[in-house]
Each structure stands twice: as structure tokens, then as C-alpha cells.
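Student: I would like a close look at a single part of this model, taken slowly and with the reasoning spelled out. Could you walk me through the part at the start of the chain, and then through anything else that deserves a careful reading?

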Amino acid sequence: MISLISAIFCSITAATDLPVKQYYSFHLVLEENFAAILIRFVTVQLIFFYQFAFPCLVAVMCGTLYYSLSELFHLFKNDLQAAVVDSKNMRVKLLHYAKLFKLANELGKTLSTTCCLFLCSQMIGMYVSLATYVLLDAEHITPAIVWESVPEISLIPASIIGVTFCASKITSQIKNCDICLQSLHDGLISQPKIDWKTLQLVNAMMKKRLPFMSACHMIKFTPTFIISVFGSLFTYGLLILNLKHAERK
């Protein structure tokens, strides 16, 4: 919705901004008639869709899948806490945990490249938007440029934060499962008569090392990643600002 509204207002205000008007009209010299307005409107809508709306749809898809997996781990942890600790129940839980282990690995591999491309495109968009505002003087920032920047300063950060938090929720739920398994292990060890069969099943679940959700093994989805992204954005902005002042001197 933000992308659609911004595109509509950008196409309207572009009529008073010659460089933006030419850009969205393929640099054709057109009279301001219905055909020219229609070409500009369709072009703006298409550009805004693939530049902002489509990445957000990808973010929603990835975030939904990550969140669904985290909920499965949460349900497993609740079932584990409510289960009777014996070999029969633990065998069933081990099978469930093995399926979750396989699902987590497959999901991580499937979305790894997609998330990497998504993050690269979104971060480039943020840096371009920042550079545009820092380098342009106030008198050159027209309403059309402002409407172009609305999705960049709203949708891009929201999509990055959303995907990161949904993916990091998997890690937190896995840690909760590990804590629950450790509690079961300690409870079995402390019993006067140790049920070795049940203990082996619990140990088998504890030995499984579930993967971190990442983007091509380069970026791990943790809350600290969000801080690093916006920290680097702030540093990048200061660098451009210093270069701008140095050129004026």
C-alpha cells in the first residue's frame, strides 16, 4: 500500500520536476497530455513494484516461513515439558526432533540465497537513498524525490527488521528446547535408579546441533545484525557528509 500510494503521488508530482519527468518518460520529449501521463504513471508503478513491493513480498514469505518454524520448535518444547519422561515418549519426541532438525536444515538452505539477494538489494536501496539526501541541496529536493524516498525509508528498514527477527526467533526457540532437554537430562541423572534407555534418547536429542538461519553463511540473523546495519548506515552517512563539506571548501 505504501509503495502504491507513493508511486501515485510521485507520478503526479513528477509533472513539475523536469529531470524526474524525463526519467519516467524514457527521456522522450512528450507533451503533457493523457498519453504522456499514462506512460509516466505505468512506468512509476512498475518501477516501484519491482523495487519496493516485490522485495517486501519476498520478505513476508521468508519471515512467515521462519516464524512458522520457530512456532514448531515452541510447540515441541511445550510437548516436551508436558510429556511423561519414559523411553516410549522420548522415542516419539526423538523422531519429532529429528524431523524438525531436517526441516530446519532444508529451510536454511532453501532461503539462504534468497535472503542474501534480498538483503543486498535492500541495503543498497538504503545507501542510495541516504546518499541522495545527503548530496542534494535542500532546493533540489523536490516533492517527486520525497515520494520516491518514502518507501525507501519505511519499507526497506521494516522488511529487514521483520525478516531478521523472525529468523532469530528460531534460534531463541532452539535454545529453549536445549534448556528443556538439559533439565530432563539432569532430572534423569539425579534419580536413584537411572533409566539408561530414556537417558540415551535424551542425549541423542541434545547432541543434535541445529543450524543458525543465515544468508549464504555470510550474515547470521541475530538482533545484533540489525544494529550493525543501521550503525554502518550512520557511519556511511557521516562519511558522505564529510566528503560533501570537503568539496565545498
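Tutor: A residue is called buried when its relative accessible area is under 20%, exposed when that area is over 50%, and partly exposed in between. Please keep in mind that this is a predicted model. With those cut-offs, Ile-12 counts as exposed, because its relative accessibility is 53%. Ile-12 belongs to helix 1, which covers residues 2–13, and it also takes part in a nonpolar patch on the surface, together with Met-1, Leu-4, Ile-5 and Phe-9. Taken together, these five residues offer about 510 Å² of accessible area.

The helix that carries Ile-12 can be described from its length and from its buried side. Helix 1 is made of twelve residues, and from its first C-alpha to its last it reaches 16 Å, which is close to the 16 Å expected at 1.5 Å a residue. Its buried residues are Ser-3, Ser-6, Ala-7, Cys-10, Ser-11 and Thr-13. When one looks down the axis of helix 1, these buried residues fall within an arc of 165 degrees, and so they line one face of the helix. What covers the buried residues of helix 1 includes helix 2 (18–24), helix 3 (34–82) and helix 5 (143–189). Helix 1 thus has buried residues such as Ser-3 and Cys-10, while Ile-12 in the same helix is exposed at 53% relative accessibility.

A second place worth a careful reading is the loop between strand 1 (214–215) and strand 2 (219–220), where Cys-216 lies. The phi of Cys-216 is near 55 degrees, a positive value in a residue other than glycine. His-217 is found in that loop between strand 1 and strand 2 as well, and although His-217 is not a glycine, its phi is also positive, at about 60 degrees. As for accessibility, Cys-216 is partly exposed, because its relative accessible area is 28%, whereas His-217 is exposed, with a relative accessible area of 77%.

Both loop residues are touched by Ser-112, whose contacts, leaving aside residues up to four places away in sequence, are Ser-214, Ala-215, Cys-216 and His-217. Ser-112 lies in helix 4, which covers residues 87–135, and it is buried, because its relative accessible area is 8%. A buried serine of helix 4 is therefore in contact with His-217, a residue that is itself exposed at 77%.

Note on methods
Residues numbered from 1 in each chain as written. Predicted model: local features only at pLDDT ≥ 70, side-chain atom pairs only at ≥ 80, totals over all residues. Heavy atoms only, no water. Patch = residues over 30% accessible without salt bridge, like charges linked within 9 Å, V, L, I, M, F, W, Y side chains within 5 Å. Areas by Shrake-Rupley, 256 points an atom, 1.4 Å probe, with all protein chains shown as cover. Salt bridge = Lys/Arg side-chain N within 4 Å of Asp/Glu carboxyl O. Helix = DSSP H or I, 4+ residues; strand = E, 2+ residues; numbered from the N terminus. Buried < 20%, exposed > 50% of the residue type's maximum accessible area, 1.4 Å probe, protein only. Expected span 1.5 Å × (residues − 1). Arc of directions from axis to C-beta. Contact = heavy atoms within 4.5 Å.
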